[in-house]
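Here's a walk through the fold, taken sheet by sheet and then on to the packing. Keep the structure open while you read.

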Amino acid sequence: MSMDFNDYKQYLAPAYSKSTDLIMQSGKGMYLTDVNGKRYIDWVQGIAVNALGHCHPRVIVAAKEQIDRLVTASFNVVSYPTTLELARRIAEVTPGDLDSILFSNGGAEATDAAIKAARVITGRPNVIAFKGSFHGRTMGAASITASNSFYRKGLEPMMGGVFFAPYPSRDLCPEGYDAKERAQWCLGEIKKMFTYYVPPEDTACIYVEPVQGEGGYVVPDPSFLQGLREICDTYGIMLCFDEIQAGYGRTGKMFAGMHAGVVPDLMTMGKAIAGGFPMSALVGRPEDMAKWMPGQHGGTFGGNPVAGAAGLAVLDEFKEKDIVGNAAKVGDYFKGRLLDLQKKYPFIADVRGVGMMLAIELGEKDGKSGAELFSAICAKGIEKGLLLLGCGVHHNAIRFAAPLNSTTAEIDEGLAVFDSILSEL
């Protein structure tokens, strides 16, 4: 018996913002299939969650085997072999000596944990975050988010002790500056903050996305992260990298901060860890994480054994198939094809990103703004079977989060549809 699931949406709180009205029944690899049997190329992938695509066989087998053994007993009470092994395996791929891991369920939870950890470790209250940033929507995470004022609407007062600095994106820096000049200008603005209103000795951490996600897939010059490292070392401030979207191979390196050769003091990760199962983590140096008193942080479901089993399968696939290397190689090809489209369609104002974390920014065309073009492209994409998601403060950019194991043939398949959409504008 067929059912009209749209009738059931009345039972969902309207706080759930949906970018489409689609109801999906199944997924495999790059594709999703809706309840009516229509198949879509999915270049959202749960917002960069499914690094290996939907329902990767290796992940599914591992999760099913663990479900047959144990689903949960609360990580606050007992430990699990899969989660313990995953902690060891993650420590093998994290930079420097970031070997102490605290598991949670989603990115916002990891962000809240990082804020708490920085304050406990340093004994200081303040956090410096960046304009254009997105770190989550729990109260703590939203307090250091500045990609859209709507996320804060009606919620003030937010968490105190938060100060925002400009990120080195074009729209936040003086006009005409190149990437290195933007980086140096933004570093100078932080130093001015210390002079005028944020005592560095009261600052617990500088919290930054090595590649800004919702803010527009902005890739800063390496000197920006290197300069932040120098500032933090000078004043005893913890440098915290939000690698929740940019990490786990998305940029063609295991973690995005590696492009600049910078090791943070704390690092959050999530999204791609467990192949589609909810899992995130905060990682720090053992001597720093040991400063937490037992029970100062935790959660009922964090470190779930099924997610742990899936996470081990993800790392196995990463290692055996060189998924990170593939992301770099196919990402270069993907970006080249986008640059070709920019030559063909002048209303593509910018192509940016690194690895498989790529975006285009839309300019004006025939009196329509970039935001209007974005809406038209996404609507036409649904019609033609291509799922896309936006980014950027001005809602005028499209981000591409294809699976990291994509082939060039699959990229060509999706771009053929995308090209046909652009040609119809």
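What follows covers the sheets, the helices that lie on them and the nonpolar cores. Bear in mind throughout that this is a predicted model.

**The seven-stranded sheet**

Let's start with an open sheet of 7 strands, ordered β4-β10-β9-β8-β7-β5-β6, in which the pairing is mixed. At its edges sit β4 (100-104) and β6 (162-165), and each of them pairs on one side only. Going from strand to neighbouring strand, the average turn is 20 degrees, with direction ignored. At the β6 edge, strand β5 (residues 126-130) runs parallel to β6, and 4 bridges join the two. If you want a landmark there, look for I128, which stands opposite F163 in β6.

Two helices lie across strands of this set. One is α3, which lies across β4 and β9 (266-269) and runs at about 130 degrees to β4. The other is helix α7 (residues 222-235), which lies across β5, β7 (203-208) and β8 (238-242), running at about 170 degrees to β7.

**A helix pair**

Besides lying across strands, α3 has a helix partner. Helix α3 (residues 81-93) packs with helix α9 (residues 305-321), their axes 8 Å apart and at an angle of about 40 degrees. The crossing of the two is left-handed. From α3, the contact takes in T82, T83, E85, L86, R89 and I90, while α9 brings P305, G308, A309, G311, L312, L315 and D316. Sorted by class, that contact between α3 and α9 comes to 6 nonpolar, 4 polar and 3 charged residues.

**The four-stranded sheet**

Another open sheet has 4 strands in the order β1-β2-β3-β13, and the pairing here is mixed as well. Why is one side of β1 and of β13 left without a neighbour in the sheet? Both β1 (24-28) and β13 (386-387) stand at the edges with a single partner strand each, so one side of each stays unpaired in the sheet. The partner relation between β1 and strand β2 (residues 31-34) is antiparallel, over 4 bridges. Within it, S26 has T33 of β2 as its bridge partner.

**Around β15**

Strand β15 (residues 397-400) is covered on both faces: A397 and R399 on one side are buried, and so are I398 and F400 on the other. Its pairings with β12 and β14 are set out below.

| Strand paired with β15 | Sense | Bridges | A bridge pair |
|---|---|---|---|
| β12 (residues 357-362) | antiparallel | 4 bridges | E361 with A397 |
| β14 (residues 389-391) | antiparallel | 3 bridges | G390 with I398 |

With β14, β15 makes a hairpin that has 5 residues between the strands. Check G392 in that turn, where phi is positive at about 95 degrees.

**Nonpolar cores**

Which residues have the most contacts inside the largest nonpolar core? They are W43, F224, L228, Y248, F318, F334 and F418, in a core of 89 residues. Take F224 as an example: leaving aside neighbours within four places in sequence, F224 is in contact with F130, Y167, P168, A183, C186, L187 and V208. Apart from the largest core lies another one, of 20 residues, with A113, I115, M238 and W292 among them.

Note on methods: Residues are numbered from 1 along each chain as its sequence is written. This is a predicted model: local features need pLDDT of at least 70, side-chain atom pairs count only at pLDDT 80 or more; totals for chains, interfaces and linings use all residues. Side-chain values use heavy atoms; hydrogens and water are left out. Two strands pair if DSSP finds at least two bridges between them. Axes are lines fitted to C-alpha atoms, for helices over the stretch in contact, and angles run from 0 to 180 degrees between N-to-C directions. A crossing is left-handed if the near helix is turned anticlockwise from the far one by less than a right angle, and right-handed if clockwise. Contact means heavy atoms within 4.5 Å. Ala, Val, Leu, Ile, Met, Phe, Trp, Tyr, Cys and Pro count as nonpolar, Asp, Glu, Lys and Arg as charged, and the others, Gly among them, as polar. A nonpolar core is a set of buried Ala, Val, Leu, Ile, Met, Phe, Trp, Tyr and Cys residues joined through side-chain atoms within 4.5 Å. Buried means under 20% relative accessible area, exposed over 50%, partly exposed in between (1.4 Å probe, protein chains only).
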